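Got your viewer open? Let's take a short walk through this model, one selection at a time.

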Amino acid sequence: QVQLVESGGGLVQAGGSLRPSCEASGRTFSSYLMGWFRQAPAKEREFVAGITRSGSNTYYADSVKGRFTISRDNAKNTVYLQMNSLKLEDTALYSCAVAATPSSWYGMARSYDYWGQGTQVTVSS
């Protein structure tokens with residue numbers, strides 16, 4: 001089992017930055033891929049970014065490319081999401097997730113086995 005705890009969300013004005021983090025505990029050795037998803041009110045959960053065990057492969061939704069950067073510190077069992085140039089439409093509950101096995105479907109929620117509770121990110125004008 002893997003437990004995930006997110007932190008670092010908050011309220012920020014458009015154009016600002018946040019860097020939420022996700023700390024994993026438990027069977028972290030089985031973590032092949034860690035990713036971030038988000039869900040806004042009345043919308044479906046969507047993939048934001050993902051990173052493989054080595055950190056050499058990263059994936060981003062088109063909507064955040066060039067603005068968000070995902071990174072991973074395996075020694076700390078933590079993944080980070082640097083969020084720059086935030087927009088109103090980035091407002092959502094951000095959750096991290098772990099996929100225990102390799103998959104090309106990194107952007108699909110069903111590829112992930114463990115989920116955190118999420119941290120709220122609110123962007124205001």
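Among the contacts in the protein chain with a separation of 6 or more, what percentage comes from residues 24 or more positions apart? That share is 57%. Keep in mind as you look around that this is a predicted model.

Start by selecting the whole protein chain and colouring it by secondary structure. You'll find zero helices and 11 strands, so from the N terminus on the elements simply read β-β-β-β-β-β-β-β-β-β-β. The radius of gyration is 13 Å, close to the 14 Å that the globule rule gives for 125 residues, so the chain is as compact as a globular protein of that length.

Now switch to C-alpha atoms: they fill a box of roughly 40 × 25 × 25 Å along the principal axes. Turn on the surface next. About 6,600 Å² of the protein chain is accessible, and carbon and sulfur atoms own 47% of that. Buried residues make up 42% of the 125 residues.

Next stop: a sheet. Select strands 1, 3, 8 and 7, which line up in the order 1-3-8-7 as an open sheet with antiparallel pairing. Which strands stand at the edges? Pick residues 2-7 for strand 1 and 68-73 for strand 7: each has a single partner strand, so one side of each is left without a neighbour in the sheet. Looking across this sheet, neighbouring strands are turned by 15° against each other on average, direction ignored.

Zoom in on residues 21-26 (strand 3) and 78-83 (strand 8), an antiparallel pair joined over three bridges. In general, strands of a sheet pair through backbone hydrogen bonds. To finish, click Glu23 and look across to strand 8, where Thr78 stands opposite.

Definitions and conventions. Residues are numbered from 1 along each chain as its sequence is written. This is a predicted model: local features need pLDDT of at least 70, side-chain atom pairs count only at pLDDT 80 or more; totals for chains, interfaces and linings use all residues. Side-chain values use heavy atoms; hydrogens and water are left out. Two strands pair if DSSP finds at least two bridges between them. Helices (H or I, at least four residues) and strands (E, at least two) are DSSP runs, numbered from the N terminus. Axes are lines fitted to C-alpha atoms, for helices over the stretch in contact, and angles run from 0 to 180 degrees between N-to-C directions. The radius of gyration is taken over C-alpha atoms; the globule rule is 2.2 Å times the number of residues to the power 0.38. Buried means under 20% relative accessible area, exposed over 50%, partly exposed in between (1.4 Å probe, protein chains only). Contact means heavy atoms within 4.5 Å. Accessible areas come from the Shrake-Rupley method with a 1.4 Å probe; for residues, only the protein chains shown count as cover.
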